[in-house]
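Me: I should like to go through the terms used for this structure and ask what justifies each one. Please set the value against the criterion in every case.

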Amino acid sequence: MSSPTGPASGLPVRMPRPRQPGRHRRPEPVVAPEGAPTLVLAVPGTPSSAIRGLAEEVVSIARSELPGLEAAIGYVDGDDAEYPTLGSVLTGSAALRDERYELAKAAGREVAEPEGPASVVVPLLAGPDGALIRRIRQAVLDSRATAELTDVLGPHPLLAEALHVRLSEAGLARADRARLFTVATAADGIVLATVGGEEAVQAAGITGMLLAARLAVPVMAAALDQDGAIAATAEELRASGSAQLALAPYLVGPELPEGLLEAAAAEAGCPAAEPLGAYPAIGKLVLSQYTTALGIAPQPQGAQSR
């Protein structure tokens, strides 16, 4: 039984744990600065309940990594009814910031007038897609809101990890329990599929090299939106000695036209893994683009040595 002054005699006393000194000390958790811009996730593709669920999960991951983060989702092809357009989300974020400033002044608080971007727009794209980026940039301009547009999420080692996991989930690559280190692979050649033309293929190729190092098999990138490119790449891999191929989408998912992946897999004559989707690395990279734009935290470290 405890007394008013503390635990009764003979009971253990829990003392506060001292702060660990030196280089092994845990870093203080980073929180979003007060008044920081809204992270606006720019979601491509035709909106649907599945795409909304994916986007919400990505935003949830970002919020869990940065407490206090204010985030919103804007759809490039939204309807401003069920799926808000990117432009309307940006306009709303700017208006909300101004409203909060006026309310704070009216309440007698000493607050600085808002400056800098009201929003930081992060495209939900693993690799560059010129046509989509132009549409996102135009939506930012048309909104007349102060907003900063970041780069796409890749290339990055975390995306190679995500590709590895998706291949493993499809039974196309094996991973042991020791942090996904590959011990064998069902596929001996990987076609890394992307959209966005030659620029996207070159960017995917960088992540492809990281994936090849993880799997110890050849990986070649090709564009789903270029006629015959997937089939030609598959034949090139077979000609170099690969017998069992797999198609790995270097895509988050919303930017992938319906049926295109299935058609490409049939054309290449090999099974395909699922798109990257809301794999945790996607949310972390979205946040990385945001924090890098604001200069409030370093980019996330790449996958550790496997």
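The exchange below takes up strands, an aromatic pair, salt bridges and one serine.

Me: What kind of model is this?

Reply: The model is predicted.

Me: Why are Tyr75 and Tyr83 called an aromatic pair, and what makes the pair edge-to-face?

Reply: The ring centres of Tyr75 and Tyr83 are 5.3 Å apart, and the criterion asks for centres within 6.5 Å, so the two rings pair. Their planes stand at 75 degrees; an angle over 60 counts as edge-to-face, and therefore that name applies. The count for the structure comes to one aromatic pair. Tyr75 is buried, as is Tyr83.

Me: What makes strand S3 mostly covered?

Reply: S3 spans residues 38–43, and six of its six residues are buried. Thr38, Val40 and Ala42 point one way from the strand, Leu39, Leu41 and Val43 the other way, and all are buried.

Me: How do you know that S3 pairs with S5 and with S4?

Reply: Pairing requires at least two bridges between the strands. S3 and S5 (residues 119–123) have five bridges, in the parallel sense, and Pro123 in S5 is the bridge partner of Ala42. S3 and S4 (residues 71–75) likewise pair in the parallel sense over five bridges, with Leu41 opposite Ile73 in S4. Both pairings therefore meet the requirement of at least two bridges.

Me: Which helix joins S3 and S4 in a β-α-β unit, and what is the handedness of the unit?

Reply: Helix H1 (residues 49–65) makes the unit with S3 and S4, and the unit is right-handed.

Me: How many salt bridges does the structure hold, and why does the contact of Arg135 with Asp77 qualify as one?

Reply: The structure holds six salt bridges. For Arg135 and Asp77 the N to O distance is 2.5 Å; the limit is 4 Å, so the contact qualifies. Arg135 belongs to helix H3 (residues 130–143) and Asp77 to the loop between S4 and helix H2 (86–106), so the pair ties together parts that are 58 residues apart in sequence.

Me: Why do Arg135 and Asp77 count as partly exposed?

Reply: Arg135 has a relative accessibility of 39%, and Asp77 has a relative accessible area of 33%. Buried means under 20% and exposed over 50%, so both values fall in between.

Me: What makes Glu169 and Arg166 a salt bridge, and why is one residue called exposed and the other buried?

Reply: Their closest N and O atoms are 2.9 Å apart, and because this is within 4 Å the pair is a salt bridge. Glu169 and Arg166 are three residues apart in helix H4 (residues 157–169), which means a separation of about one helical turn. Glu169 is exposed because its relative accessible area of 56% is over 50%. Arg166 is buried because its value of 14% is under 20%.

Me: How do you know that Glu235 and Arg238 form a salt bridge?

Reply: The N to O distance between these side chains is 3.3 Å, so the 4 Å limit is met. In helix H6 (residues 229–239), Glu235 and Arg238 are three residues apart, hence about one helical turn. Glu235, at 47%, is partly exposed, and Arg238, at 28%, is also partly exposed.

Me: Why is Ser143 called buried, and which residues does Ser143 touch?

Reply: Ser143 lies in helix H3. Its relative accessible area is 12%, under the 20% limit, and therefore Ser143 is buried. Leaving aside residues up to four places away in sequence, Ser143 touches Gly87, Leu90 and Thr91.

Notes
Residues are numbered from 1 along each chain as its sequence is written. This is a predicted model: local features need pLDDT of at least 70, side-chain atom pairs count only at pLDDT 80 or more; totals for chains, interfaces and linings use all residues. Side-chain values use heavy atoms; hydrogens and water are left out. Rings of Phe, Tyr and Trp (its six-membered ring) pair if their centres lie within 6.5 Å; planes under 30 degrees apart count as stacked, over 60 as edge-to-face and the rest as tilted. Buried means under 20% relative accessible area, exposed over 50%, partly exposed in between (1.4 Å probe, protein chains only). Helices (H or I, at least four residues) and strands (E, at least two) are DSSP runs, numbered from the N terminus. A crossover is right-handed if, with the strands pointing away from the viewer, the path from the first strand over the helix to the second runs clockwise. Contact means heavy atoms within 4.5 Å.
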